[in-house]
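Please look over the structure below and read this report beside it. The topics are the ligand site, the open and closed spaces, and some details of the backbone.

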Amino acid sequence: MAGEIRLAGVRKTFGKVEAVKDLDLLVQEAEFLVLLGPSGCGKTTTLRCIAGLERVDKGKVFIGGRDVTELPPAKRGIAMVFQSYAVFPHMTVEKNIGFGLRMRHLPKEEIKKAVREVAELLQIGELLDRYPSQLSGGQRQRVAVARAIVMKPDVLLMDEPLSNLDALLRLQMRAELKRLHREVGTTTVYVTHDQIEALSLGDRIAVMREGEIVQLDTPNEVYDKPATVFVGGFIGTPPMNFLSAQVRSRDERVYLAVGDFPVEVHAEWEGKLRDMVGKTLILGIRAENIEVRPTAEEGALPAQLIVAEPLGPQQLLTVQVDRDILKVATSPDLSAQPGQTIGLVLTKEKIRLFSEETEKALKLE
Ligand code: ATP
């Protein structure tokens, strides 16, 4: 468990800014944990507290069960990769990767072997004699990752390592990092504001907002069961749709009303919702969990089509339902004209309900 990381009540302020507020977090050995959130939410500060690049105001940092709160970065068994590749321009790739091992005064042959192995792992074995100026951005970032990995750290910390790369390279490197983690198994904490990157890479994602973790779950859970309206709206392309819905009852049945149109709820939820009859809730549903009917038929929510965007494998509709605007993913075969009224059927099992006051998900299961 050398790679387990634990933050206990960590707080870091800069003047009046509370960058990290009493944060508790446990990252398991060999886990790939992503810190995700909008700009300024405290991701980088959290990472820097783990690294020892920031002194915490309060709380403790443990790595591998050892209290490292007062230790400098070099004594924490960590390696870091930043957004700026920070490779030494005057050294060859081989010298760059071997730099840390030379500082440790390891025998030359041993360094050479370790550098070769890591370079192969990152598919830059052919580039060892080149200088950074002779490399592409993606290759330079691989050198930076290789230089971190070769140290066999207990913990690998990465801060937006792909954000300087173009879209295609980002995609390739994302898959590479995932493969690398599977092969090396180093506990990794990865900071990004890119939710697709987070969903793709993380074993778990910690979604941060204003210095706090608002949800810590697997990518599927964060996507399917956001803990708050903020998480649902931050994750997913398009983000989760939100509608205003009132809890009503008729003939012993409890249902939701969007405008005046009834939407059925999960039978198991009815009991809990019965106490809320008359209350307005926020109904969340993802674009792909709405079925489209070409006309407003019985049992479907009537919606007015505003725009249809063909996106290859699917078509993205923007529609208006009562006073809310929704995004709906449907088959490219559906042909409907802007202004036309269509019908929507929300997949019952995929509906999420949130309190209007706290914007937190209701516990109905
Ligand atoms: P980004 O994605 O933009 O890098 P982030 O989520 O990583 O954002 P942090 O860099 O951790 O956010 O910053 C959190 C808050 O702390 C911000 O309000 C930021 O302005 C503030 N902050 C960070 N570092 C310092 C500093 N050295 N001095 C003063 N304020 C700082």
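The report starts with the ligand and ends with the backbone.

## Model

This is a predicted model. Residue numbers start from 1 along each chain.

## Ligand site

Which residues sit around the ligand? The shell includes Phe14, Val17 and Ala19. A run from Pro38 through Ser39, Gly40, Cys41, Gly42, Lys43 and Thr44 to Thr45 also belongs to it. Glu160 completes the list. By class, the shell holds five nonpolar, five polar and two charged residues.

Three contacts involve ligand oxygen atoms. A polar side-chain atom of Thr45 is 2.5 Å from an oxygen atom of the ligand. For Ser39, an N or O atom of the side chain is 2.6 Å from a ligand oxygen. Gly40 uses its backbone instead: a polar backbone atom there is 2.8 Å from an oxygen of the ligand. How much of the ligand does the protein cover? On its own, the ligand has 640 Å² of accessible area, and the protein covers 59% of this. Strand S2 (17-27) and helix H1 (43-51) are the elements that give two or more residues to the shell. H1 gives the most, with three residues.

## Largest pocket

The largest pocket has a volume of about 700 Å³. Its lining counts 23 residues. Closest to the centre are Ile78, Ala79, Met80, Gly100 and Met151.

Which elements build this lining with at least two residues each? They are strand S6 (78-81), helix H2 (93-103) and helix H4 (137-149). S6 gives the most, with four residues. The lining divides into 17 nonpolar, two polar and four charged residues.

## Second largest pocket

The second largest pocket has a volume of about 360 Å³. Sixteen residues line it. Nearest its centre lie Val254, Tyr255, Pro262, Val263 and Glu264.

Strands S12 (253-258), S13 (261-263) and S19 (341-346) each supply at least two lining residues. Nine residues of this lining are nonpolar, one is polar and six are charged.

## Cavities

Rolling a probe the size of a water molecule over the atoms shows where empty space is left. How many cavities of 30 Å³ or more does the structure hold? There are two. The largest cavity has a volume of about 60 Å³. Its lining consists of Phe32, Ile149, Leu156, Met158, Leu177, Leu180, His181, Val184, Gly185, Thr186 and Thr188. Strand S7 (155-159) and helix H5 (167-184) each supply at least two of these residues. H5 gives the most, with four. Seven lining residues are nonpolar and four are polar, with no charged residue.

The second largest cavity holds about 40 Å³ of space. Tyr223, Asp224, Met240, Arg286, Asn289, Lys350 and Arg352 line it. Here the division is two nonpolar, one polar and four charged residues.

## Aromatic pairs

The structure holds four aromatic pairs. One of them joins Phe32 and Tyr190. Their ring centres are 5.6 Å apart, and the planes meet at 40°. The pair counts as tilted, because that class takes planes that are neither under 30 degrees nor over 60 degrees apart.

What parts of the chain does this pair link? Phe32 is in strand S3 (residues 32-36), while Tyr190 is in strand S8 (residues 187-192). The two residues are 158 residues apart, so the link is between distant parts of the chain. Phe32 also lines the largest cavity.

## Backbone details

Most residues other than glycine have a negative phi, and most peptide bonds are trans. Two places in this model call for a look. The peptide bond from Thr237 to Pro238 is cis, with omega near -5°. Pro238 is found in the loop between helix H8 (229-234) and strand S11 (241-250).

Asp22 has a positive phi of about 40°, although it is not a glycine. Where does Asp22 lie? Its place is in strand S2. Strand S2 is also one of the elements that give two or more residues to the ligand shell.

Note on methods
This is a predicted model: local features need pLDDT of at least 70, side-chain atom pairs count only at pLDDT 80 or more; totals for chains, interfaces and linings use all residues. Side-chain values use heavy atoms; hydrogens and water are left out. A residue is near a molecule or strand if one of its heavy atoms lies within 4 Å of it. A polar contact is a pair of N or O atoms within 3.5 Å; within protein, one must be able to donate a hydrogen and the other to accept it, and residues adjacent in sequence count only if both atoms are side-chain atoms. Accessible areas come from the Shrake-Rupley method with a 1.4 Å probe; for residues, only the protein chains shown count as cover. Ala, Val, Leu, Ile, Met, Phe, Trp, Tyr, Cys and Pro count as nonpolar, Asp, Glu, Lys and Arg as charged, and the others, Gly among them, as polar. On a 1 Å grid over the protein atoms alone, a cavity is a set of points where a 1.4 Å probe fits but cannot get out, and a pocket is an open set with protein on both sides within 12 Å along at least five of seven lines; lining residues have an atom within 4 Å of a point. Grid points are joined across faces, edges and corners, and a volume is the space filled by probe spheres set on the points. Rings of Phe, Tyr and Trp (its six-membered ring) pair if their centres lie within 6.5 Å; planes under 30 degrees apart count as stacked, over 60 as edge-to-face and the rest as tilted.
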